[in-house]
Structure formats: C-alpha cells, structure tokens
Amino acid sequence: MLFQSSIRKELARSFGATLVVLVTIVMTIVLIRTLGQASKGSISPQDVMLYMAYSGLGRLPTILTLALFIALVSTLSRMYRDSEMAVWFTSGQGLAGFLRPLFHFAWPVLMVISLMAIFVWPWTNQQTRDMQSRYQQRGDLDRITPGVFQESSSGNRVFFIDRDLAGEQASNNVFIAATEKGKSSVTTAQSGRIETRGDAQFLMLSNGQRLENEIGKSALKISDFKEYGVKTGSTGLLGETPPEAKLMSSRALIKDPTRGNLGELAWRLGLALSAINLVVVALALSSVNPRGGRSVNMIFVVLAFVVYNNLVNLGQNLIFVGLIGFGQLLLALHGGVLLLALAWLAKRHLNWRFGRRQRARAPVSPVQAGGRA
C-alpha cells in the first residue's frame, strides 16, 4: 500500500505541474493563430475567445498524453537518481511491478483521452467550422464596425461608416473605396440603407458623390447622385458540400467506411492506443545516466513522443491513399510499439544481457603457477 500510494502522490504533483505548463504554451500558440485568422477576416473578432476555447479543447487529448508521458518518465527518473529504485528493488519489487501503480494512476487520464478523441474532437471541429461558415456567409456590411475601416471579403473594397442607426439597417456618413475592372473609385454619401433584392444584398446610398478614374490615367470622372446602389454580397446559403471526415462523428465514420473515414477513425483510436502504450514505454525507458544532465533524458522523451505522434499521422495518410488497411495499421503500429516496449521492459526486469559471453578461465594450479614463475 505504501509503495503504490507514494508513487501516485508524486505522479499527481508532476502531472499537474506539467499539464499547466503545456496548456499555457499551447493556448498561447492558439491565441496567436486565432488573432491571425481574425485579422484576415476568417472569423469574427467577437468570437476569438470562443474559437480559442474550441481549438484548445480539440488539442487537449494530445496535451494530456504528452503531460502524462513526461510526468511518468520524470518521476521514475527522479526515483532512480535519488536511489529510491534501489530501495524498492531490494524490498522485493521488480521493475514490472511498477506497471500496476502506474496504470492505477493513469487510467482516469487515459479514459478522458479516449472519450475526447472519439467524441469531443469531431464536435469541436464542427463548432469551429460553423463559426467560420456563419461569418463568411455574412455580407460585407454586416462585418462593419462604426468608426473602423473594414475591408470586404473579396479584398477590393474598403467600407467606412460614421455611425449606424439603432434598430434600422441604415447608417450616416458612408465612405467606399473600390478597385474593380481596372478602375478605382471613391464614393461618399450622407446616408445609406441596406436592401435585399432576391439573393443579393445592396447598399442604397443617398445624397452623395462618386469619383472614378481608370488606373494609370489622369482623367477623373466626378458625379453627384441622389440615390446609388452598390451590391455588397449574397444572402443565399452556400451550397451543400459533403462533410469532411474530421467533422463526422465516430459512429458516422463506421457506417460509411471509405478510406478517408477509416483514416480519420484510425487517427482517433490511435490517440487512445498511443496514450496506453506510452505508459509502458515510459517505464521501459526511464533511467538515469549519472554522467548526463536531466535535460538529456527529457529531450529523448519529447523526441520519442514526436516520432510516435508523427507515425500516427502518417498512418492516417497511408490508409487514405490505400497503402495499408485499417486493421493492419492498428496491429502493425500500436501492436508493434506495445510488443517492443514489453520486450524492453522484460529485458530490464530480468536483467538480460545481449552479446557474447566470455569463457570462464580454468583455475591455475599452484604447480603451473610455480612453473611459469
């Protein structure tokens, strides 16, 4: 009981600290990417925090797996370094005996990783895609904030309004700069209102002026108008497109076993299986080199995780192109990693030695020793 409780307490502290650090790093990266997408007009600036939450939630299985792997290796390595392993070994605990307390601690984390990879991952992808689609389907004027210059979705117009009238689709002091069909124009008006005609959305300007000239020429055309209409977008919904595999639920992937869907399903199951295998790998690889620093072992841990994670991604692509089957990938990759980890663990547990054995020399008799002397 003391053996298992002491290990679990230290694992909990190490896992919590590692998880906080990894979440902070990942969310910082997600924040930078989200702000970049908002500046390009891919998502609404008002939805930045919500988009970040969905993106971070989708990456949580990978974060939990890496945090668990680092916590296991760092804790076991610390026990080797402080000679605690020698104490447990002399008390009758072998290296394989650590598997039970490690899995007893890790099974709730493994359960969360599996559920999030199979169920939460497609849900977060669907939510982020819906946010992007709704924002992209909005008209150019729907994205405008009063007092701010806003570029259109096509990139050839810049809109500006002084203020909008509450409760009405109208605004005062409208400015539009456009470049279309080899011509540049600047249109100003005292007021404007939005009208929908069919599937098209128009901005109807009142009491304004329009300046137009051909690019590369000095001739300038100036015209005044009482009412002028500018098409700003379409109100129709985008055409129905087949859903991507990453947006489909795991049940839908099983019902429609195309190569793309099987590749996505193998990737989701791979996240859960790799997390389980890494618990065994952590026990098999944990050790301390007295001549090396602590960072050497941690670099090797991160490298092993990156290689395994890239193999999972590569397996998804191999299924998609038809080079390997769904069951073959799971058996070859994850089954192979598990067998290698168990073999290495057995080698360390039983203290096997590979290589040639030196022949034992026969004892030299006193007579022979005296004759040689």
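**Exercise 1. Place His334 in the fold and describe its surroundings.**

Step 1. His334 sits in helix α9, which spans residues 326–349. Helices here are DSSP runs of H or I with at least four residues, strands are runs of E with at least two, and both are numbered from the N terminus.

Step 2. Before going on, a word on the model: it is predicted, so local features need pLDDT of at least 70 and side-chain atom pairs count only at pLDDT 80 or more, while totals for chains, interfaces and linings use all residues. Residues are numbered from 1 along each chain as its sequence is written, and side-chain values use heavy atoms, with hydrogens and water left out.

Step 3. Is His334 buried or exposed? His334 counts as buried because its relative accessibility is 5%. The classes are buried under 20% relative accessible area, exposed over 50%, and partly exposed in between, with a 1.4 Å probe and protein chains only.

Step 4. Now look for partners. Leaving aside neighbours within four places in sequence, His334 is in contact (heavy atoms within 4.5 Å) with Gly270, Leu273, Ser274, Asn277, Tyr308, Val312 and Leu329. With Tyr308, the side chain of His334 also makes a polar contact of 2.9 Å. A polar contact is a pair of N or O atoms within 3.5 Å; within protein, one must be able to donate a hydrogen and the other to accept it, and residues adjacent in sequence count only if both atoms are side-chain atoms.

**Exercise 2. Describe the largest nonpolar core and the elements that build it.**

Step 1. A nonpolar core is a set of buried Ala, Val, Leu, Ile, Met, Phe, Trp, Tyr and Cys residues joined through side-chain atoms within 4.5 Å. The largest one holds 49 residues, and Phe15, Leu68, Phe69, Phe98 and Leu102 touch the most other members.

Step 2. Two or more residues of this core come from each of α1 (2–40), α3, α5, α7 (259–285), α8 (294–321) and α9. Which element gives the most? That is α3, with 13 residues.

Step 3. Take Leu68 as an example. Outside its neighbours within four places in sequence, Leu68 is in contact with Phe15, Phe105, Ala106, Val109, Leu110 and Val279.

Step 4. A second, separate core has 9 residues, including Ile161, Val174, Ala189 and Val230.

**Exercise 3. Examine Leu60 and the nonpolar surface patch around Met111.**

Step 1. Leu60 belongs to helix α3 (residues 60–81), and its relative accessibility of 22% makes it partly exposed. The C-alpha atoms of Leu60 and Ile113 are 7.9 Å apart, although 53 residues separate the two along the chain.

Step 2. Met111 is part of helix α5 (residues 99–137) and is partly exposed at 45% relative accessibility.

Step 3. Which residues form the patch with Met111? They are Trp107, Leu115 and Phe119, and the four together have about 460 Å² of accessible area. Patch members have over 30% relative accessible area and no salt bridge; like charges are joined within 9 Å and nonpolar side chains (Val, Leu, Ile, Met, Phe, Trp, Tyr) within 5 Å. Areas come from the Shrake-Rupley method with a 1.4 Å probe, and for residues only the protein chains shown count as cover.

**Exercise 4. Compare three salt bridges by location and burial.**

Step 1. The structure holds 5 salt bridges, each a side-chain nitrogen of Lys or Arg within 4 Å of a carboxyl oxygen of Asp or Glu.

Step 2. Glu244 pairs with Arg129, with the closest N and O atoms 3.1 Å apart. Glu244 is in the loop between β6 (221–234) and α6 (250–255) and Arg129 is in helix α5, so this pair ties together parts 115 residues apart in sequence. Glu244 is partly exposed at 36%, as is Arg129 at 26%.

Step 3. Lys183 and Glu212 meet at 3.7 Å, N to O. Because Lys183 lies in strand β4 (residues 183–197) and Glu212 in strand β5 (residues 200–214), the pair ties together parts 29 residues apart in sequence. Lys183 is partly exposed at 35%, whereas Glu212 is buried at 17%. A network of salt bridges links these two with Arg210.

Step 4. Glu264 and Arg268 meet at 3.0 Å, N to O. Both are in helix α7, 4 residues apart, about one turn of the helix. Glu264 is buried at 5%, and Arg268 is buried at 0%.
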